[in-house]
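Before reading on, please take a moment to look over the sequence and the structure side by side. The paragraphs below move from the whole chain to a few of its parts.

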Amino acid sequence: NCSLMAFDKDRSTLKIIEAIGIKAEDVAHFELRSGEGVAGGVAQTGRTRVVRDVTDEIECPEFADRQLALKLNIGSMISLPLLISEKVIGVINLCLGKAHEFTTSEVNMLEILATQASIALQNMPLYHSIERHHDHLEIIQHLIREVGSHLDSEIAFEKILAAAVNITGCDKTYLVYKTQSKESWEFKFPRAFPHNNVKMPD
């Protein structure tokens, strides 16, 4: 399942405003304070949190409601911050039904999508943003399924680029990223993107 939580900076709380694969009545009153639980910790730090097994109290002692996790069949999860101008506006939670070791590639790809979602929300008029939340969640949920199906890296990057176009509404997009093993920036362009004259940053 997948959920989008909005951060109320005045109350310092997170509340689910859209979800896929979760009944509304199960989370209608679910709320986290900043720093509480996995998602609350992400809201407080602005950093992604990955949990291989939420039922493991040693690995994840801060999990807010383990009984709810069992009810919703949550095994593993990744929580990603939505940031605008380095300030957290919300958190996206992606959950799988069994324990799963998220790879570095999976985390990197999902962080790229979360960044694109943040940009889209920043540029979107308020009355459009709520109705688009669900569409964004479906795009990201679909992507994590494909990323976890052992695609080769070139196909995975093409799918990330396509998802970024869907989320932002831009007609052209490319990725600029840096891996842990290299200090230089790497670029990935769509096959049809004319990038011969693109200037690379120093």
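What follows is a walk through a predicted model, beginning with its overall make-up and ending with its cysteines.

The protein is built from 6 helices and 8 strands, and anyone tracing the chain along the sequence will meet them in the pattern β-β-α-β-α-β-α-β-β-α-α-α-β-β. Of its 202 residues, 42% count as buried, while the accessible surface comes to about 11,800 Å², with 49% of that surface belonging to carbon and sulfur atoms. If one takes the contacts in the protein with a separation of 6 or more, 51% of them are accounted for by residues that lie 24 or more positions apart in the sequence.

A good place to enter the structure is the pair of strands with which the pattern begins. Strands β1 and β2 pair in the antiparallel sense over 7 bridges, and within this pairing Ala6 stands opposite Lys15 in β2. The two strands form a hairpin with 4 residues between them, where Ser12 takes a positive phi near 55 degrees. Strand β2 is also joined to β3, again in an antiparallel arrangement, through 3 bridges, and here Leu14 stands opposite Leu32 in β3. In a regular strand, the side chains alternate between the two faces of the sheet.

From these strands we can turn to helix α2, which spans residues 37–45 and whose buried residues are Gly37, Val38, Ala39, Gly40, Val42 and Ala43. An α-helix has 3.6 residues a turn, so residues three or four places apart point the same way. What, then, covers the buried residues of α2? The cover includes β1 (2–8), β2 (13–20) and β3 (31–33), the strands already described, together with β4 (49–51), β5 (76–84) and β6 (87–96). After the helix comes Gly46, a residue whose phi is positive, near 75 degrees.

The cysteines remain to be considered. How many disulfides does a search of the whole structure find? The search finds 0 disulfides. Cys2, for its part, is in no disulfide, since the nearest cysteine sulfur, which belongs to Cys95, is 8.0 Å away, whereas a disulfide would require the two sulfur atoms to be within 2.5 Å. Why does Cys2 count as buried? Cys2 counts as buried because its relative accessibility is 0%, and buried means under 20%. Cys60 likewise counts as buried, because its relative accessibility is 0%.

Note on methods. Residues numbered from 1 in each chain as written. Predicted model: local features only at pLDDT ≥ 70, side-chain atom pairs only at ≥ 80, totals over all residues. Heavy atoms only, no water. Buried < 20%, exposed > 50% of the residue type's maximum accessible area, 1.4 Å probe, protein only. Contact = heavy atoms within 4.5 Å. Pairing = 2+ DSSP bridges. Areas by Shrake-Rupley, 256 points an atom, 1.4 Å probe, with all protein chains shown as cover.
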